[in-house]
Amino acid sequence: MATVNNGEQVSEVVTGDFDLSAAKWTVVSPVIEHMDLLIDGNAGSVATLPQESDPLIIDLGEVVRITGFYYVPVNHPSANPISRYHFSVSEDGTTWRTIKNSALFNNIKNNPVKQEVYWEEPVPSWLIRLEPVEGVSDNQPYTIAEIGVFTK
């Protein structure tokens, strides 16, 4: 709960679940201005990924065992959420392990909400790679509000 004006105005209580802090993370690729917005913890900020760019690669700052990832699309009529993707992890930056190949965020066009993807066993990961295959709109940059990982 937040208060302002010496306690005269009070907000509703807002809760959220947090897992691994993004404080050590960096966006390695693509090298485009404002890409760090997709790991800033603010779903109101937007990063734009051109369709012809390199895959999105995030350095987690250390090897962690991840059990899934999440993608928060931009909820706006002109946004182009990622609908189909590849997701890979690497412990060394050279060898990549594909976790999801040509996977689909179901019904994301009509329901652009946080997408949570899990797998059965934890996977050691230093780098994660999200490669958009297609969006809901052709020939428009992909829009991303947030991306993160799960360790639990």
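Glu116 and Lys114 form a salt bridge whose closest N and O atoms are 3.8 Å apart, a salt bridge being a side-chain nitrogen of Lys or Arg within 4 Å of a carboxyl oxygen of Asp or Glu. Glu116 is partly exposed at 45% relative accessibility, and Lys114 is also partly exposed, at 39%; here buried means under 20% relative accessible area, exposed over 50%, and partly exposed in between, with a 1.4 Å probe and protein chains only. The charged end of Lys114 also sits over the ring of Tyr70, 4.3 Å from its centre, where such a placement requires NZ of Lys or CZ of Arg within 6 Å of the ring centre and within 35 degrees of the ring normal.

This is a predicted model, in which local features need pLDDT of at least 70 and side-chain atom pairs count only at pLDDT 80 or more, while totals for chains, interfaces and linings use all residues. Residues are numbered from 1 along each chain as its sequence is written, and side-chain values use heavy atoms, with hydrogens and water left out.

A search of the whole structure finds three salt bridges, listed here with their closest N and O atoms.

| Salt bridge | Closest N and O atoms |
|---|---|
| Glu62 and Lys24 | 3.2 Å |
| Glu134 and Arg84 | 3.9 Å |
| Glu116 and Lys114 | 3.8 Å |

Glu134 lies in strand β8 (residues 115–135) and Arg84 in strand β6 (residues 82–90), so their pair ties together parts that are 50 residues apart in sequence; strands (E, at least two residues) are DSSP runs, numbered from the N terminus. Glu134 is partly exposed at 38% relative accessibility, and Arg84 is partly exposed at 24%.

The same search approach, applied to rings, finds nine aromatic pairs, which are rings of Phe, Tyr and Trp (its six-membered ring) with centres within 6.5 Å, planes under 30 degrees apart counting as stacked, over 60 as edge-to-face and the rest as tilted. One of them is the stacked pair of Tyr71 and Phe105, at 5.0 Å centre to centre and 25 degrees between the planes. Tyr71 lies in strand β5 and Phe105 in the loop between β7 (96–104) and β8, so this pair joins parts 34 residues apart in sequence. Tyr71 is buried at 0% relative accessibility, and Phe105 is buried at 3%. Ring pairs link both residues with Phe69, Tyr85, Phe87 and Trp119 into a cluster.

Elsewhere, Arg129 lies over the face of Trp96, at 4.2 Å from the ring centre.

Definitions and conventions
Helices (H or I, at least four residues) and strands (E, at least two) are DSSP runs, numbered from the N terminus.
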